[in-house]
Amino acid sequence: MHAISSSGDAPRRSSSASEKSLSCTVCADSAEGFHFGAVACAACGAFFRRSVSDQKVYACAHRRCNVRFDSAKRGGICRYCRFEKCLSVGMLPQEVQAKRVRKSESVSSAATASPRPLPLPRRKSTTGQLEALVQLRRDVAAARTRIYSGQSPRFGFSNWRRYLGVEWQLFVSHLLPSAAFSQMTREASMSRIRELFFLFVVFEMACATSIYGGVQMDRCAFYDGSHVELTDDSLRGFFAEDPANQDPDCLTRLSVEFFDLIVRVCSRNLQAAHLDEMETAYLFYATLAHGALRSQLDSTPATLHAEIGLYYETVVVRFVGISVSQFH
């Protein structure tokens, strides 16, 4: 288990109001602009960057600490509550790596203004299956946004069952008919399809936890805004919320390792890898293909393997400032 940090950051000096007119949405100190998607001061931006890049894990017994900056206050600010406030005001963990990429690419004349390397027009030798997977994941994400837009997150096992129902609808309506996955499920038994759905859910839970700061908060996050804490008491309450669960203690013992692996292994590694859309799409297919029969995979894995190789070549070429046209 990773070390838990509960100590606070040292107080900082506040800039005069005449120097900056913006207020940090995290601590209310003076701010100079956007940091990782939200208006924040340099100190809160640096705290958020360190928390994500160093994969800090925080804890707090109260969860209601005051994180407003006060120059007269002695001691530090609760890091758990400060990071939670960073997330609530719109700071995005995935933007941390994007900021570093921009700094690195600024030395190259071939750099673009994009925070992540965008796919270049594919070469004539590729089929575009990787780009199709990227678009498939975008379509699924857009459908989720439409479903959960305007809804307040609800917590507990009954909400998770509803959440899984939504994920099943997305799986059936988007993945099963797609070219990449139709071959996997053709003539497949319902038990095999359910296995693929389970892998789909686990992958998306790991992604959501990584995106929504679950690694730092030590909790498993879901796309509807809800989450479950990785403590016995929290998991027991999660299952006890649904009256249909007659033995929450047993369910807690059976599931604690499952949620632990998602947050502390899968999500932690995803966040550390800083994958872009193309890489995530490739990993997404590879994860689901792991649960398919070898006879159902046709030539798609080999094609995607070749395309991700070409994609890495174009990213490296652009990063060092060499014209891609030299390789056509």
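The following exercises, with worked solutions, concern a predicted model.

**Exercise 1.** Describe the overall make-up of the protein in terms of secondary structure, burial and contacts.

*Solution.* Begin with the secondary structure, which comes to 12 helices and 8 strands. Next, consider burial: of the 328 residues, 45% count as buried. The exposed surface is about 17100 Å², with carbon and sulfur atoms supplying 55% of it. Finally, among contacts with a separation of 6 or more, residues 24 or more positions apart account for 67%.

**Exercise 2.** Identify the residues with the most contacts inside the largest nonpolar core, and state which helix gives the most to this core.

*Solution.* The largest nonpolar core has 52 residues, and Leu175, Phe181 and Phe259 have the most contacts inside it. Elements giving two or more residues to this core include helix 5 (157-175), helix 6 (179-185) and helix 10 (248-273). Helix 7 gives the most, with 12 residues. To examine one of the central names, take Phe181: beyond its neighbours within four places in sequence, Phe181 is in contact with Leu133, Leu136, Leu175, Leu176, Phe284, Tyr285 and Leu288. A second, separate core has 27 residues, including Val26, Val39, Phe47 and Leu87.

**Exercise 3.** Determine whether valine 256 is buried, partly exposed or exposed, and list its contacts beyond four places in sequence.

*Solution.* Locate valine 256 in helix 10. Its relative accessibility is 32%, so valine 256 counts as partly exposed, given that this class lies between the limits of 20% and 50%. Leaving aside neighbours within four places, valine 256 is in contact with Asp232 and Leu235. The C-alpha atoms of valine 256 and leucine 230 are separated by 7.4 Å, although these residues are 26 residues apart along the chain.

Notes. Residues numbered from 1 in each chain as written. Predicted model: local features only at pLDDT ≥ 70, side-chain atom pairs only at ≥ 80, totals over all residues. Heavy atoms only, no water. Core = buried A, V, L, I, M, F, W, Y, C linked by side-chain atoms within 4.5 Å. Buried < 20%, exposed > 50% of the residue type's maximum accessible area, 1.4 Å probe, protein only. Helix = DSSP H or I, 4+ residues; strand = E, 2+ residues; numbered from the N terminus. Contact = heavy atoms within 4.5 Å. Areas by Shrake-Rupley, 256 points an atom, 1.4 Å probe, with all protein chains shown as cover.
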